[in-house]
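Trainee: I am new to this structure and would like to learn how to read it feature by feature. Could you guide me, starting with the open spaces and then moving to the chain itself?

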Amino acid sequence: MPTDIDPSPGETVHLHDTWGTGPDTSSIAISDRAIYVSRATFALLDRWYMQRIPHAHVRAIAAVPLKSTGPKVFTAVLFVAFAAILVFVLDGANVRGGLVAVLSWLVMTGITLPLALAERHGLRIELVDGTLWWRPIGLDARSRQQIRMRLRRIIDAARKAGIATSVDFD
């Protein structure tokens, strides 16, 4: 199984959490000596593996808000602009019902998508030689709450393991 870990003798695992199904499965484990994160390779079969990162290579683990306003605004403008172009191009066509439905969908998606992505949170693992991110997509209140609970469990386990942590929500 790609999410299995093999801790060293005497190593205490504080958390081993797996989420997702099929090819979207992700996993993290935190022990008193290392963290384990699921990574992908370019292999055809069994392309997932658990990378072991010793605590000496981990600077901090943080639960942070994902503030990507630029892409959200761009997406909203793109959807509304595409709707306006369709109105201009298809103005003389005899497809009024379909046109209204498509335009309504484009405008509403362009307006609501940035609002739905507004309160997202993710996990940032700062390493000596880079940064690892987990950017989950939680569009409804229930999935956002589940993501926050998972982030809290990860942060608590990192604190037990002696890793520097921070939380930027609540």
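Mentor: Let us begin with the pockets, keeping in mind that this is a predicted model. The largest pocket holds about 220 Å³ of space.

Trainee: Which residues are the closest to the centre of the largest pocket?

Mentor: The lining of the largest pocket has 13 residues, and those closest to the centre are Val37, Ser38, Leu132, Trp133 and Trp134. If you then ask which strands the lining comes from, β2 (26-31), β3, β6 (121-127) and β7 (130-134) each give at least two residues to the lining of this pocket. Sorted by class, the lining is made up of 8 nonpolar, 3 polar and 2 charged residues.

Trainee: How many cavities of 30 Å³ or more does a search of the whole structure find?

Mentor: A cavity is a space from which the probe cannot get out, whereas a pocket is open. Here the search of the whole structure finds 1 cavity of 30 Å³ or more, and the largest cavity has a volume of about 50 Å³. Its lining consists of Glu119, Arg120, His121, Pro136, Gly138, Arg144, Ile147 and Arg148, with helix α3 giving the most, namely 3 residues. By class, the lining of this cavity has 4 charged, 2 polar and 2 nonpolar residues.

Trainee: Turning to the chain, how many helices and strands does the protein chain have?

Mentor: There are 3 helices and 8 strands in the protein chain, and their order along the sequence reads β-β-β-β-β-α-α-β-β-α-β. The chain has 170 residues, of which 36% count as buried. To see how far apart in sequence the contacting residues lie, take the contacts with a separation of 6 or more: 51% of them are between residues 24 or more positions apart.

Trainee: How should I read a single residue, and is Ala34 buried or exposed?

Mentor: The cut-off to remember is that buried means under 20% relative accessible area. Ala34 counts as buried because its relative accessibility is 0%, and this residue belongs to strand β3 (residues 34-40). Leaving aside residues up to four places away in sequence, Ala34 touches Glu11, Ala29, Arg52, Ile53, Pro54 and His55. A separate reading comes from C-alpha atoms: those of Ala34 and Ala161 are separated by 8.5 Å, although the two residues are 127 residues apart along the chain.

Trainee: What can I learn about strands and their partners, and why is strand β5 described as largely enclosed by the rest of the structure?

Mentor: A general idea helps first: in a regular strand, the side chains alternate between the two faces of the sheet. In the case of strand β5 (residues 58-65), 6 of the 8 residues are buried, so this strand is largely enclosed by the rest of the structure. Strand β5 runs antiparallel to β6, to which 7 bridges join it, and within this pairing Val64 has Gly122 in β6 as its bridge partner. Strand β5 also pairs with strand β8 (residues 165-167), this time in the parallel sense and over 3 bridges, with Ile61 having Thr165 in β8 as its bridge partner.

Trainee: How many salt bridges does the structure hold, and which parts does the pair of Arg150 and Asp17 tie together?

Mentor: The structure holds 5 salt bridges. One of them is formed by the side chains of Arg150 and Asp17, at 2.8 Å from N to O. Because Arg150 lies in helix α3 (residues 141-160) and Asp17 in strand β1 (residues 13-19), the pair ties together parts that are 133 residues apart in sequence. Asp17 also meets Arg153 in a salt bridge, at 3.3 Å from N to O, and this pair again links distant parts of the chain, with Arg153 in helix α3 and Asp17 in strand β1, 136 residues apart.

Trainee: How exposed are the partners in these pairs, beginning with Arg153?

Mentor: Arg153 is partly exposed, with a relative accessible area of 36%, while Asp17 is buried at 9%; Arg150 is buried as well. Another salt bridge joins Arg124 and Glu126, whose closest N and O atoms are 2.9 Å apart. Arg124 is partly exposed at a relative accessible area of 22%, and Glu126 counts as partly exposed at 26% relative accessibility. Finally, salt bridges that share partners join Asp17, Arg150 and Arg153 into one network.

Terms used: Residues are numbered from 1 along each chain as its sequence is written. This is a predicted model: local features need pLDDT of at least 70, side-chain atom pairs count only at pLDDT 80 or more; totals for chains, interfaces and linings use all residues. Side-chain values use heavy atoms; hydrogens and water are left out. Helices (H or I, at least four residues) and strands (E, at least two) are DSSP runs, numbered from the N terminus. Buried means under 20% relative accessible area, exposed over 50%, partly exposed in between (1.4 Å probe, protein chains only). Contact means heavy atoms within 4.5 Å. On a 1 Å grid over the protein atoms alone, a cavity is a set of points where a 1.4 Å probe fits but cannot get out, and a pocket is an open set with protein on both sides within 12 Å along at least five of seven lines; lining residues have an atom within 4 Å of a point. Grid points are joined across faces, edges and corners, and a volume is the space filled by probe spheres set on the points. Ala, Val, Leu, Ile, Met, Phe, Trp, Tyr, Cys and Pro count as nonpolar, Asp, Glu, Lys and Arg as charged, and the others, Gly among them, as polar. A salt bridge is a side-chain nitrogen of Lys or Arg within 4 Å of a carboxyl oxygen of Asp or Glu. Two strands pair if DSSP finds at least two bridges between them.
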